[in-house]
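Reader: I should like to go through this model by question and answer. Please give the reasoning before each value or name.

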Amino acid sequence: MLDARFVRENLDLVETAMENRSFSWDSQAFSRLDEARRAAISQEEALQAERNQLSGEIGGLMKQGLKDEAAQKRERVAQIKQQLEDLGETRKQTEEDLHHLLMGVPNIPHMSTPVGKDENDNPEVRRWGTPREFDFESKAHWDLGPALGMLDFDRAVKLSGSRFVLLGGMGARLERALINFMADTHTSRGFKEWWCPSLVNRETMTGTGQLPKFEEDLFKTKDESLYLIPTAEVPLTNIHAGEVLDGKDLPLRYCAFTNCFREEAGSAGRDTRGLIRLHQFDKVEMVKFAKPEEAYDELESMTAEAGYIMEQLGLPYRVITLCTGDLGFSAAKTYDLEVWLPSYNAYKEISSCSCCGDFQARRANIKYRDPEHFKGSRYVYTLNGSGLAVGRTMAAIMENYQNEDGSITVPEALVGYMGGVERIEPEK
């Protein structure tokens with residue numbers, strides 16, 4: 001969340017940032033609540049000072065035998081006590097209202113984030129690889145998969161409903177191979193792997209910004225005490241919630257494979273076929289904790305890490321920078337990596353790498369100490385990125401590595417993870 005003092009001292013900057021995000025920002029409501037909170041604190045301090053002075057005077061009056069004067073001052077002290085209780089309740093409610101308001105305000109875009117209205121204004125940064133030109137009529141992965149016994153959408157509907165998939169045979173093996181390949185790659189390049197819960201509490205969801213704003217996008221238990229995670233970013237980032245890290249240990253680089261669960265509210269009609277938009281999917285996630293001065297270099301390296309996975313798999317992709325109007329709630333700057341999918345004749349998102357500044361750290365209360373450079377503690381910067389979304393990676397492999405006879409060549413980097421299988425053919 002944003003720091004109230006920063007907002008107070010930079011109202012014009014925040015106003016412009018919210019306009020660039022196309023977010024309706026009630027600056028007047030903020031100022032009204034902020035001023036009311038500060039006024040209540042000022043009144044409390046004045047009353048406490050008066051009470052302390054009166055308490056000292058009462059002792060002196062009693063020593064002088066001036067009981068009536070002492071009694072009058074005691075009566076005033078009693079009045080002050082009631083006033084402080086009333087003011088305390090008022091201040092508490094005002095602070096809760098102000099906190100609730102700020103919890104719904106998105107992050108301020110980084111100065112290098114381009115200004116734009118929507119995805120059409122996202123500039124391309126670079127490309128890697130050349131999309132394959134087929135000398136036969138290529139097929140979509142949702143046609144290739146069932147024919148090879150890899151994907152079964154019909155039975156998944158029977159088991160769970162729409163937007164689910166059942167992986168069978170080489171489909172299940174390829175999914176497992178991709179997970180292991182991604183995790184092994186990250187851990188061999190400096191990331192510490194974690195195995196995280198898929199159910200987390202409300203505080204954990206709030207720490208990374210999923211709550212309260214995106215409640216409708218989440219699956220939750222009946223009593224709403226636990227939520228199914230939409231990404232491993234949630235548990236990974238909150239590992240250090242409420243902690244003060246040692247600056248000597250930063251940056252911390254973490255990764256984890258998890259199932260991910262999303263309601264996909266508001267996405268009706270979008271990518272309804274295949275593996276692109278499911279209620280449950282697998283993902284290997286990267287998370288970093290960094291000092292402010294190192295965070296955006298870490299964002300560049302995280303983006304390169306996601307790209308490295310695709311390069312090892314031989315998948316053409318491009319990198320774009322999200323503009324202000326397309327930026328995620330918690331992000332200050334984001335790169336999207338998009339893989340080439342022949343069925344769409346276009347690039348589709350497969351990874352999103354973001355630096356959130358201290359936005360999440362304020363919500364989750366994650367700080368660090370660096371005695372050589374400053375006293376006390378400061379909020380750490382958090383970063384997250386997909387490395388990668390497994391289902392979309394499988395779809396890209398199936399489509400880009402398909403053969404005219406309907407078989408699929410296994411990328412060289414995965415052959416060892418597939419038990420030596422070099423070609424996926426129809427089940428016999």
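**Peptide bonds and backbone angles**

Author: Leu388 belongs to strand 15, which covers residues 381-389. The model is a predicted one, and the strand serves here as a starting point.

Reader: Which residue is joined to Leu388 by a cis peptide bond?

Author: Most peptide bonds are trans. The bond before Leu388 is cis, with omega at about 20 degrees. The residue joined to Leu388 by this bond is Gly387.

Reader: Where is Pro212 found, and what is omega for the cis peptide bond that joins Leu211 and Pro212?

Author: Pro212 is found in a loop that runs between helix 8 (202-207) and strand 6 (226-228). The peptide bond joining Leu211 and Pro212 is cis, and its omega is about 5 degrees.

Reader: What is the phi of Ser22, and is Ser22 buried or exposed?

Author: Most residues other than glycine have a negative phi. Ser22, in the loop between helix 2 (11-20) and helix 3, has a positive phi near 60 degrees. Its relative accessible area is 56%, and exposed means over 50%, so Ser22 is exposed.

Reader: What is the phi of Asn345, and is Asn345 buried or exposed?

Author: Asn345 is placed in the loop between strand 11 (333-341) and strand 12 (346-355). Its phi is positive, near 55 degrees, in a residue other than glycine. With a relative accessibility of 58%, over the 50% cut-off, Asn345 counts as exposed.

**Salt bridges**

Reader: How many salt bridges does the count come to?

Author: A pair counts if a side-chain nitrogen of Lys or Arg is within 4 Å of a carboxyl oxygen of Asp or Glu. By this rule the count comes to 23 salt bridges.

Reader: With which residue does Arg8 form a salt bridge, and which helix holds that residue?

Author: The closest N and O atoms of the pair are 2.6 Å apart, and the partner of Arg8 is Asp34. This pair links distant parts of the chain, 26 residues apart: Arg8 is in helix 1 (residues 4-9), whereas Asp34 is in helix 3 (residues 27-63).

Reader: Is Asp34 buried or exposed?

Author: Buried means under 20% relative accessible area. Arg8, at 24%, is partly exposed. The relative accessible area of Asp34 is 2%, and therefore Asp34 is buried.

Reader: Which residues form salt bridges with Arg91?

Author: Arg91 and Glu44 form a salt bridge in which the closest N and O atoms are 2.5 Å apart. That pair links distant parts of the chain, with Arg91 in helix 4 (residues 67-103) and Glu44 in helix 3, 47 residues apart. Arg91 and Glu95 both lie in helix 4, four residues apart, which is about one turn of the helix. Their closest N and O atoms are 3.2 Å apart, and the partners of Arg91 thus include Glu44 and Glu95.

Reader: Which of these residues, Arg91, Glu44 and Glu95, is buried?

Author: Arg91 has a relative accessibility of 22% and counts as partly exposed. Glu95 is likewise partly exposed, at 29%. A relative accessible area of 10% is under the 20% cut-off, so the buried residue is Glu44.

Reader: Which residues are linked with Glu124 in a network of salt bridges?

Author: The network contains two arginines and two glutamates. Those linked with Glu124 are Arg127, Arg318 and Glu338.

**Helices and a strand**

Reader: Is helix 7 parallel or oblique to helix 10?

Author: The axes of helix 7 (residues 170-187) and helix 10 (residues 292-313) come within 11 Å and cross at roughly 130 degrees. That angle makes helix 7, relative to helix 10, oblique.

Reader: Which residues of helix 10 make the contact with helix 7?

Author: Helix 7 passes helix 10 in a right-handed crossing. Helix 7 contributes Leu178, Phe181, Met182, Thr185 and His186, and helix 10 contributes Glu305, Tyr308, Ile309, Gln312 and Leu313.

Reader: Why is helix 12 largely enclosed by the rest of the structure?

Author: The buried residues of helix 12 (residues 390-400) include Arg392, Met394 and Glu399. Helix 12 is largely enclosed because the number of its 11 residues that are buried is 11.

Reader: With which residues is Leu199 in contact, leaving aside its neighbours within four places in sequence?

Author: Leu199 is found in strand 5 (residues 199-201) and is partly exposed, at 40%. Leaving aside those neighbours, Leu199 is in contact with Thr221, Leu226, Tyr227 and Leu228.

Definitions and conventions: Residues are numbered from 1 along each chain as its sequence is written. This is a predicted model: local features need pLDDT of at least 70, side-chain atom pairs count only at pLDDT 80 or more; totals for chains, interfaces and linings use all residues. Side-chain values use heavy atoms; hydrogens and water are left out. Helices (H or I, at least four residues) and strands (E, at least two) are DSSP runs, numbered from the N terminus. Buried means under 20% relative accessible area, exposed over 50%, partly exposed in between (1.4 Å probe, protein chains only). Axes are lines fitted to C-alpha atoms, for helices over the stretch in contact, and angles run from 0 to 180 degrees between N-to-C directions. Angles under 35 degrees count as roughly parallel, over 145 as roughly antiparallel, 65 to 115 as roughly perpendicular and the rest as oblique. A crossing is left-handed if the near helix is turned anticlockwise from the far one by less than a right angle, and right-handed if clockwise. Contact means heavy atoms within 4.5 Å.
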